[in-house]
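Here are some exercises to work through with the model open beside you. Try each one yourself before reading the solution.

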Amino acid sequence: MTELTGQHYIAGDWVDGGGSFCSDPVSGSPLTVCAGGAAEMDAALRAAEEAFVTYGWMPRERRAEFLDAIAEEIEARVDAIVQVGMAETGLPEPRLRAVELPRTANQLRLFAAHVRDGAYLDRRHDAALPERQPMPRPDLRMMQRPLGPVGVFGASNFPLAFSTAGGDTAAALAAGCPVVYKGHPGHPGCGELVARAIAAAAGRTGMPTGVFGFVQSNTNEAGEALVTHPLTRAVGFTGSYRGGKALFDLAMARDEPIPFFGELGAVNPVFVLPAALAARGERIGADWAASLVMGVGQFCTNPGVVVLPNGAGQDAFVEAARAALAGTQAQPMLTAGTAGAYRDGLSALAGVGGVETLHSAPGEGREGGPGLFAVSGDDWLQQPELAYEVFGPAGLVVRAADADQVQAIAQGLSGQLTATLQMEDEDLPIARALIPVLERKAGRVLVNGFPTGVEVADAMVHGGPFPASTNFGATSVGTLAIRRFLRPVCYQNMPSELLPEDLRD
């Protein structure tokens, strides 16, 4: 296995810099890691800006080759990455080896194919009409162009697919933007191994020095420097509402505000409609519980709230969910801080007026166990704090009085990543009334499924109205994610020799 150094990767070299901190793995020895700050971010961003002069104008095929090479280099390091990732995060080997690492490589290849296709450029041409009256029309050509250096923050819950070479990095590199990545302190060794794969791919494909920078840190200084640096042109972030909102505010407060694409989590409500509840209440309850505890509840699409109308099947749903959760053991969470925050969230939820605790086994130390709570629709509508995300395997059942109250609950929701309907054909009238509400609340609306598990595909949307994300017109998963790091440029009466190669006749 490649020996881990805990260093930064800046301007094509592995370097020390800043202070240091020790990782906090679930198993094995801690790693001493460099803790970079403003100076390291400045060096990485200056190298990225210099690289952009070449990389942003490079033929698309070269960029596609780079993305394919990153995927290959990651796969070549699979054993080391999985070993270190398991030790640092407590995630099981099948999750990392069979799911997350292949997803990371496949989305890089998906973007490589997307770049080769070229449709994302949205090329348009209005030919000159010199004889048009009363005024001639100039020759107009338009296409999407890369923004420049992009800052990316790693996510705690996905040490591969949403981190060093994850979706934000892949989309930015595909767009033609160099990336400066702030490593997540929860998995610094895993991050370094993937950064080494990117560095190897850059060397192998002749990419300019500075096309990718990697700065390790466990402090706010590095993140704030990445967002506020004048050379940063956009930021991708996946994490907590509190951290993301603070960085978003910094991005907006700059002399020149920049796009901040933050995915901040959600409660992802599930609406079980009356006919489905009567026909399949017990089965849906057990399946909801299984989705709730998947990955110890540490998915941003975790379905933390379920809305049940009063009537047949409600008790069967609740009992099935309770029994399933009672049979679930506590598991290690991603970090000790995550586990502590989860237990605090459970205590806060249990203390809200009208909330009934049906099951609670929060675990100890680094571990987290499931919690199940229930509340009436009236109390839900009167206490907005019940809609705050508890990051972990906690579920809240909202007992709605009738279909009208179900509609009122939906209308009162803030922005969500997902909204789910469990329904039968007899539920179509209620569903038809809910859809116009839910599509304004969520980036993805699904039927008779559960939102955990996000397909990486052209049509996927992983985002939603605030506070689920800070930009409702974007997605952080799927090929549409490339549009975050592009802007349209129009070229008027431009000689062919000066046009970007993709716009020439």
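**Exercise 1. Unusual backbone spots**

Where in the chain is the place of N493? Once you have found it, look up its phi, then do the same for N268.

*Solution.* Keep in mind that this is a predicted model.
- Step one: N493 sits in the segment after β21.
- Step two: its phi is positive, about 55 degrees, although N493 is not a glycine.
- Step three: go to the loop between β11 (260-263) and β12, where you'll find N268. Phi of N268 is near 50 degrees, again a positive value in a residue other than glycine.
- Step four: check the surroundings. N268 has a relative accessible area of 0%, so it counts as buried.
- For background, most residues other than glycine have a negative phi, and most peptide bonds are trans.

**Exercise 2. Cis peptides**

Find the loops that hold P134 and P467, and check omega for the bond leading into each proline.

*Solution.*
- Start with P134, in the loop between β5 (124-126) and β6 (140-146). The bond from Q133 to P134 is cis, with omega near 10 degrees.
- Now jump to P467, in the loop between β20 and β21 (486-492). Here the bond from F466 is cis, and omega is near 10 degrees.

**Exercise 3. Overall build**

What radius of gyration does the protein chain have, and what would a compact globule of 505 residues have?

*Solution.*
- The chain comes to 14 helices and 21 strands.
- With 505 residues, a compact globule would have a radius of gyration near 23 Å; the chain has 24 Å, so the two agree.
- Along its principal axes, the C-alpha trace spans about 70 × 70 × 40 Å.
- As for burial, 57% of the 505 residues count as buried.
- Finally, take the contacts between residues at least 6 apart in sequence: 76% of them join residues at least 24 apart.

**Exercise 4. Around β7**

Trace how β7 pairs with β8 and with β10, and work out which way its side chains point.

*Solution.*
- Begin with the side chains. In a regular strand they alternate between the two faces of the sheet. In β7 (residues 150-153), V150 and V152 point one way, G151 and F153 the other, and all are buried.
- Next, the β8 side. β7 and β8 (residues 179-182) are parallel, with 4 bridges, and V180 in β8 is the bridge partner of G151.
- Follow the chain between these strands: it passes from β7 through helix α5 (residues 167-175) to β8, in a right-handed β-α-β crossover.
- Then β10 (residues 234-238): its pairing with β7 is parallel too, over 3 bridges. Opposite G151 in β10 stands V235.

**Exercise 5. A mixed sheet**

In what order do the 7 strands of the open sheet run, and which strands are at the edges?

*Solution.*
- The order is β15-β17-β18-β13-β12-β19-β20, with mixed pairing.
- The edges are β15 (356-360) and β20 (442-447), each of which pairs on one side only.
- Neighbouring strands in this sheet are turned by 20 degrees against each other on average, direction ignored.
- Look at β12 (residues 270-272) and β13 (residues 305-309): they run parallel and are joined by 2 bridges, with V270 opposite V306 in β13.
- Now add helices. Helix α13 (residues 403-411) packs on the sheet and touches β12, β13 and β18, its direction making about 135 degrees with that of β18. Helix α11 (residues 336-350) lies across β15, β17 (371-376) and β18 (394-400), at about 25 degrees to β17.
- At the β20 end, β19 (residues 416-422) runs parallel to β20 over 5 bridges, and L421 stands opposite V447. Helix α14 (residues 428-441) completes a right-handed β-α-β unit with β19 and β20.

**Exercise 6. Nonpolar cores**

Which residues have the most contacts inside the largest nonpolar core?

*Solution.*
- This core has 70 residues, and those with the most contacts inside it are F66, I70, I74, F212 and F485.
- Its largest share, 9 residues, comes from helix α6 (residues 188-205).
- Zoom in on I74. Leaving aside neighbours within four places in sequence, I74 is in contact with I81, L101, T104, L108, A165, V194 and A197.
- A second, separate core has 34 residues, including V296, L349, A394 and L434.

Definitions and conventions:
Residues numbered from 1 in each chain as written. Predicted model: local features only at pLDDT ≥ 70, side-chain atom pairs only at ≥ 80, totals over all residues. Heavy atoms only, no water. Pairing = 2+ DSSP bridges. Axes fitted to C-alpha atoms, helices over the stretch in contact; angles between N-to-C directions. Contact = heavy atoms within 4.5 Å. Buried < 20%, exposed > 50% of the residue type's maximum accessible area, 1.4 Å probe, protein only. Right-handed = clockwise from strand over helix to strand, strands pointing away. Core = buried A, V, L, I, M, F, W, Y, C linked by side-chain atoms within 4.5 Å. Rg over C-alpha atoms; globule rule 2.2 N^0.38 Å.
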